[in-house]
Amino acid sequence: MVPIEERIRQLKKEKNAVILAHNYTSPEIQDLSDYVGDSLGLSIEAAKTAADIIIFCGVSFMGETAKILNPTKTVLLPEPDAHCAMAAMCTGEQLKDFRESDPDCIIIGYVNSTAESKKEMDLCCTSSNVVKVVNSVKGKDVLLVPDMNLGAYAASKTGMDVKQWRGFCPIHHGITVTQVAELKRKYPDALTMAHPECRKEVLDLADHVGSTESMVNVSKDSECKEFIVLTEVGMRYRLEKESPGKTFHFLDHAVCTTMKMATPESVLNSLETGRGEIILSDDVLSGARDPLARMIDLS
Ligand code: SF4
């Protein structure tokens, strides 16, 4: 019997497919993938791939983003029910209503949004480039959706009055000051890194605030040997791989179950049968492309 990883590799070659995976996916998926990264890196990689088929291991807004950037390619989400809880907190209809009530306000949307929402935005951003994107419209009224914590972070870094939506990531928003204080007490020599989806009072306790990709770089460059990492636990695998010999402490409950849904079996199934194809209307594809393209141009 040919091992599953080998069958995936053969099929990928036959069908000219590429596998992209987010940093929060399981180690088996990361090992199978051609590229592992954060939302910004994945968007850029999706925009430049020469493959005919993109297998996206992550949640649905990521597969949709890849499809928007590659409308003529086939994009497959091995687990079609893997959705982001935060993306569901801001709909396209709500943004249309907001636009009518405040037509001059620039709507900046975190890439963690549905394709219908992206269609109503002026610009997209990720946690890597949010400060740059918000600064690019300095002097204008800005609404940032859907993550209120990312909105507050952008406001604090740019000095702008960024209006915030009431959405949040349940995993990052669930990290509390008490939990972080306990980790810091246990590991007093550790450098603390936090994702900007965490609450402001948690970010205030961190030595570094940034995207998952920035955490990889900080851990590689720092002389520190021990880190407290305030983000989803899947990040441990990448950090340990890229900074061997260093120790990373996480909060064990910070688990995004939908990010863990893709398995080697579901990837193989998608490659064999086309299961999980992302289909978007022409209207959504064309409307959502510009906000994403503007973000990539700024990156
Ligand atoms: S970690 Fe949070 S923002 Fe990321 S996919 Fe899961 S619910 Fe969405």
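A residue is taken as buried when its relative accessible area is under 20%, and this criterion is applied here to a predicted model. In helix 14, which spans residues 264–273, the residues that meet this criterion are Pro264, Ser266, Val267, Leu268, Ser270 and Leu271. The cover over these buried residues is provided by several elements, including helix 1 (4–15), strand 1 (17–22), helix 2 (27–32), strand 3 (53–57) and strand 4 (74–76). Helix 14 is followed by Gly274, a residue with a positive phi, near 80°.

A second region concerns strand 9, which comprises residues 191–194. The side on which Leu191 and Met193 point is opposed to that of Thr192 and Ala194, and all of these residues are buried. Strand 9 runs parallel to strand 11 (residues 226–230), to which it is joined by 4 bridges, and within this pairing Thr192 stands opposite Ile228. Strand 9 is also joined by 2 bridges to strand 10 (residues 208–209), again in a parallel arrangement, with Ala194 placed opposite Val209 of strand 10.

The ligand, finally, takes up the space of the largest pocket. The residues that surround the ligand are Tyr24, Val59, Cys84, Ala85, Met86, Asn112, Cys169, Ile171, Glu197, Cys256 and Met259. When this shell is divided by class, 9 of its residues are nonpolar, whereas 1 is polar and 1 is charged.

How values were computed:
Residues are numbered from 1 along each chain as its sequence is written. This is a predicted model: local features need pLDDT of at least 70, side-chain atom pairs count only at pLDDT 80 or more; totals for chains, interfaces and linings use all residues. Side-chain values use heavy atoms; hydrogens and water are left out. A residue is near a molecule or strand if one of its heavy atoms lies within 4 Å of it. On a 1 Å grid over the protein atoms alone, a cavity is a set of points where a 1.4 Å probe fits but cannot get out, and a pocket is an open set with protein on both sides within 12 Å along at least five of seven lines; lining residues have an atom within 4 Å of a point. A molecule sits in a cavity or pocket if more than half of its atoms lie within 2 Å of its grid points. Ala, Val, Leu, Ile, Met, Phe, Trp, Tyr, Cys and Pro count as nonpolar, Asp, Glu, Lys and Arg as charged, and the others, Gly among them, as polar. Buried means under 20% relative accessible area, exposed over 50%, partly exposed in between (1.4 Å probe, protein chains only). Contact means heavy atoms within 4.5 Å. Two strands pair if DSSP finds at least two bridges between them.
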